[in-house]
Amino acid sequence: MNEHRYPVLEAKTSNDRLVMHVLYGMHTVAWASLGTLAVIALIVNYIKRGDETDPLYLAHHNYMIATFWWTVLWLVLTSPLYLLFIMPGVLAHTIVGLWYLYRCLRGWLRFNNNRLPSP
């Protein structure tokens, strides 16, 4: 007899939503801690993503993880601009920081409305 094992979808609790809001909040204000809060939130994103079965929550964990790593990549790629003069580097890192903030706020608002993050 063939038994199929399907993942059991558990209903999300208000505690699960709170964790997601805290993670988005940590990513959003990470600039105030020089990125430390973002690294902590990233670690929690990876841990929670491993146990996640809800497609909405899984998509938002992936979104936050991708946003973090793309930001790191762009910060590294634009760092040599500081060798020219300080202003090009500051301008580039400001743009990357604003993009990170935009992504965090956009994802957070979409999560709050129970919508998938858009690419």
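# Notebook: helix packing around H27

I began with H27, which, leaving aside its neighbours within four places in sequence, is in contact with A38, A41, L42, N45, M64, F68, Y100 and C104. The model I am reading is a predicted one. I placed H27 in helix α1. Its relative accessible area is 2%. The cut-off for buried is under 20%, so H27 counts as buried.

**Entry: α1 against α5**

I looked up how α1 lies against helix α5, which covers residues 86-112. The two axes come within 9 Å and cross at roughly 165°. Angles over 145 degrees count as roughly antiparallel, and α1 and α5 are therefore put in that class. I noted the crossing of α1 and α5 as left-handed. From α1, the contact is made by R17, M20, H21, Y24, G25, H27 and T28. From α5, I listed Y100, L101, C104, L105, G107, W108, F111 and N112. Sorted by class, this contact of α1 with α5 holds 8 nonpolar, 6 polar and 1 charged residues.

**Entry: α1 against α3**

I then turned to α1 and α3, whose axes are 12 Å apart and pack at an angle of about 15°. The limit for roughly parallel is under 35 degrees, so α1 and α3 are roughly parallel to each other. I recorded a left-handed crossing for α1 and α3 as well. On the α1 side, I found D16, R17, M20, L23, Y24 and H27 in the contact. The α3 side is made by Y57, H60, H61, Y63, M64 and F68. By class, I have 7 nonpolar, 3 polar and 2 charged residues for α1 with α3.

**Entry: nonpolar cores**

I looked up the largest nonpolar core and got 10 residues: M20, L23, Y24, M26, A41, L56, Y57, Y63, M64 and F111. Two elements, α1 (14-28) and α3 (55-78), give two or more residues to this core. I also noted another core, which lies apart from it and has 7 residues, among them A30, A38, I65 and Y100. In general, nonpolar side chains in soluble globular proteins tend to be buried together.

I checked one member of the largest core, L56. Not counting residues up to four places away in sequence, L56 touches F111, N114, R115 and L116.

**Entry: K48**

I found K48 in helix α2, residues 36-50. K48 has a relative accessible area of 31% and is partly exposed. With neighbours within four places in sequence left aside, I have V19 and H61 as the contacts of K48. V19 and K48 are 29 residues apart along the chain, and I noted 9.5 Å between their C-alpha atoms.

**Entry: positive phi**

I noted a positive phi of about 55° at L34, although L34 is not a glycine. L34 lies in the loop between α1 and α2. Its relative accessibility is 82%, and I entered L34 as exposed.

I made a similar note for N114, which is not a glycine either and has a positive phi of about 55°. N114 sits in the segment after α5. Its relative accessible area is 51%; exposed means over 50%, so N114 counts as exposed. N114 is also one of the residues that L56 touches.

Notes:
Residues are numbered from 1 along each chain as its sequence is written. This is a predicted model: local features need pLDDT of at least 70, side-chain atom pairs count only at pLDDT 80 or more; totals for chains, interfaces and linings use all residues. Side-chain values use heavy atoms; hydrogens and water are left out. A nonpolar core is a set of buried Ala, Val, Leu, Ile, Met, Phe, Trp, Tyr and Cys residues joined through side-chain atoms within 4.5 Å. Buried means under 20% relative accessible area, exposed over 50%, partly exposed in between (1.4 Å probe, protein chains only). Helices (H or I, at least four residues) and strands (E, at least two) are DSSP runs, numbered from the N terminus. Contact means heavy atoms within 4.5 Å. Axes are lines fitted to C-alpha atoms, for helices over the stretch in contact, and angles run from 0 to 180 degrees between N-to-C directions. Angles under 35 degrees count as roughly parallel, over 145 as roughly antiparallel, 65 to 115 as roughly perpendicular and the rest as oblique. A crossing is left-handed if the near helix is turned anticlockwise from the far one by less than a right angle, and right-handed if clockwise. Ala, Val, Leu, Ile, Met, Phe, Trp, Tyr, Cys and Pro count as nonpolar, Asp, Glu, Lys and Arg as charged, and the others, Gly among them, as polar.
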